[in-house]
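Thanks for asking me to look this one over. My notes follow as numbered points, with the model on screen beside them.

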Amino acid sequence: MTRWLSTTLAATALGLAACVTINVYFPAAAAEKAADRIIEDVWGQQPGAPAPAPDAVPAPSSSLGVQLLVGLLEFVIPPAAAQEPNIDVSSPEITHLKAQMENRFGDLKPFLDSGGIGLTNDGLLAVREVPLAQRTAARNLVGNENADRTALYREIATANKQPQWEKDIRAVFAQRWIAKAAPGWWYQDANGAWKQR
């Protein structure tokens with residue numbers, strides 16, 4: 001029985017090791033952290049926005065079988081290879097896009113505060129209800145901001161040598177822009193309905 005268990009554990013560990021080394025998965029947690037850093041750089045800390053949550057530390061397991069499996073996996077897969085990867089957001093193009101968005105935020109904020117511009121559920125902005133005299137300025141701001149956001153999502157995927165991640169990065173940013181919005185700002189829910197924070 002013990003021999004069968006060790007053979008099964010070894011086969012499972014090797015199978016998992018093969019999956020870890022072959023599959024390139026999207027690191028959602030790392031993408032959220034990167035998005036939060038960029039959003040805080042662009043917007044600063046918005047009053048009333050939730051503070052970043054501390055990293056959770058998993059509780060140690062007391063099961064002997066789990067401890068054996070973890071030990072075996074650490075032997076087969078070095079711990080450094082199993083760690084959550086970082087998302088690189090330090091390319092010159094990302095820095096440039098972020099700076100442009102930071103510079104534009106002072107002009108966007110009054111429209112966001114008044115509800116004239118809202119956050120869409122796809123990581124962009126939309127003109128909502130702006131007085132006719134300000135509509136052209138609002139549309140220009142939104143057009144330039146959306147162009148930079150689209151380029152930012154693409155550049156983050158490219159900088160990490162994973163162009164297929166662009167859609168996932170955009171989805172993470174869409175959620176984080178809304179989560180970090182100041183109270184009173186308008187956003188679209190998953191169904192496209194406008195709501196106010």
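1. Lysine 98 is the residue I would like you to look at. Its relative accessibility is 18%, so lysine 98 counts as buried, the cut-off being under 20%. Please keep in mind that this is a predicted model. Lysine 98 belongs to helix H5, which covers residues 92–114. Setting aside neighbours within four places in sequence, lysine 98 has contacts with Ile38, Asp41 and Val42. There is also a backbone distance to go with this: the C-alpha atoms of lysine 98 and isoleucine 39 are 8.8 Å apart, while 59 residues separate the two along the chain.

2. Here is the overall layout, for orientation. The chain has 7 helices and 4 strands, and along the sequence they come in the order α-α-α-α-α-β-β-α-α-β-β. Of its 197 residues, 36% are buried. Among contacts with a separation of 6 or more, 69% join residues 24 or more positions apart. The accessible surface of the chain is about 11,600 Å², and carbon and sulfur atoms contribute 59% of that.

3. Helix H2 deserves a visit as well. Alanine 30 sits in helix H2 and is buried, at a relative accessible area of 7%. What is the C-alpha to C-alpha distance between alanine 30 and asparagine 86? The answer is 5.6 Å, for two residues that are 56 apart in sequence.

4. On to the cavity. The structure has 1 cavity of 30 Å³ or more, and the volume of the largest cavity is about 30 Å³. Its lining consists of Ala31, Ala34, Ile87, Ile156, Ile169 and Phe173. Helix H2 (28–43) and H7 are the elements that give two or more residues to this lining. As a reminder of the idea behind such a search, rolling a probe the size of a water molecule over the atoms shows where empty space is left.

5. Phe173 leads on to the aromatic residues. There are 7 aromatic pairs in the structure. One of them joins phenylalanine 173 and tryptophan 177: the ring centres are 6.1 Å apart and the planes meet at 45 degrees, so this pair is tilted. Both residues lie in helix H7, 4 residues apart, which means that about one helical turn separates them. Phenylalanine 173 and tryptophan 177 are both buried. They also belong to one aromatic cluster, together with Trp43, Phe105, Tyr153 and Trp185.

6. Which charged residue sits over the ring of tryptophan 177? That is arginine 149, whose charged end is 3.7 Å from the ring centre. Another arginine is placed over a ring elsewhere: arginine 128 lies over the face of tryptophan 194, at 5.1 Å from the ring centre.

7. Tryptophan 194 turns up again around threonine 120. Threonine 120 is in the loop between strand S1 (117–119) and strand S2 (125–127). Is this loop residue buried or exposed? Threonine 120 has a relative accessibility of 8%, and therefore counts as buried. Not counting residues up to four places away in sequence, threonine 120 touches Leu125, Ala126, Ile178, Gln188 and Trp194.

8. Just along the chain is proline 131, in the loop between S2 and H6. Proline 131 has a relative accessibility of 47% and counts as partly exposed. The C-alpha atoms of proline 131 and glycine 116 are 8.3 Å apart, and the two residues are 15 apart along the chain.

9. My last point concerns a backbone angle. Lysine 161 is not a glycine, yet its phi is positive, at about 55 degrees. Where is lysine 161? Lysine 161 is in the loop between helix H6 (132–159) and helix H7 (166–179). With a relative accessible area of 68%, lysine 161 is exposed. It makes a neat counterpart to point 1, where lysine 98 counts as buried at 18%.

Definitions and conventions: Residues numbered from 1 in each chain as written. Predicted model: local features only at pLDDT ≥ 70, side-chain atom pairs only at ≥ 80, totals over all residues. Heavy atoms only, no water. Buried < 20%, exposed > 50% of the residue type's maximum accessible area, 1.4 Å probe, protein only. Contact = heavy atoms within 4.5 Å. Areas by Shrake-Rupley, 256 points an atom, 1.4 Å probe, with all protein chains shown as cover. Phe/Tyr/Trp six-rings, centres within 6.5 Å; stacked < 30°, edge-to-face > 60°. Lys NZ or Arg CZ within 6 Å of the ring centre and 35° of its normal. 1 Å grid on protein atoms, 1.4 Å probe; cavity = no way out; pocket = protein on both sides within 12 Å on 5 of 7 lines; lining within 4 Å. Points joined across faces, edges and corners; volume = space filled by probe spheres on them.
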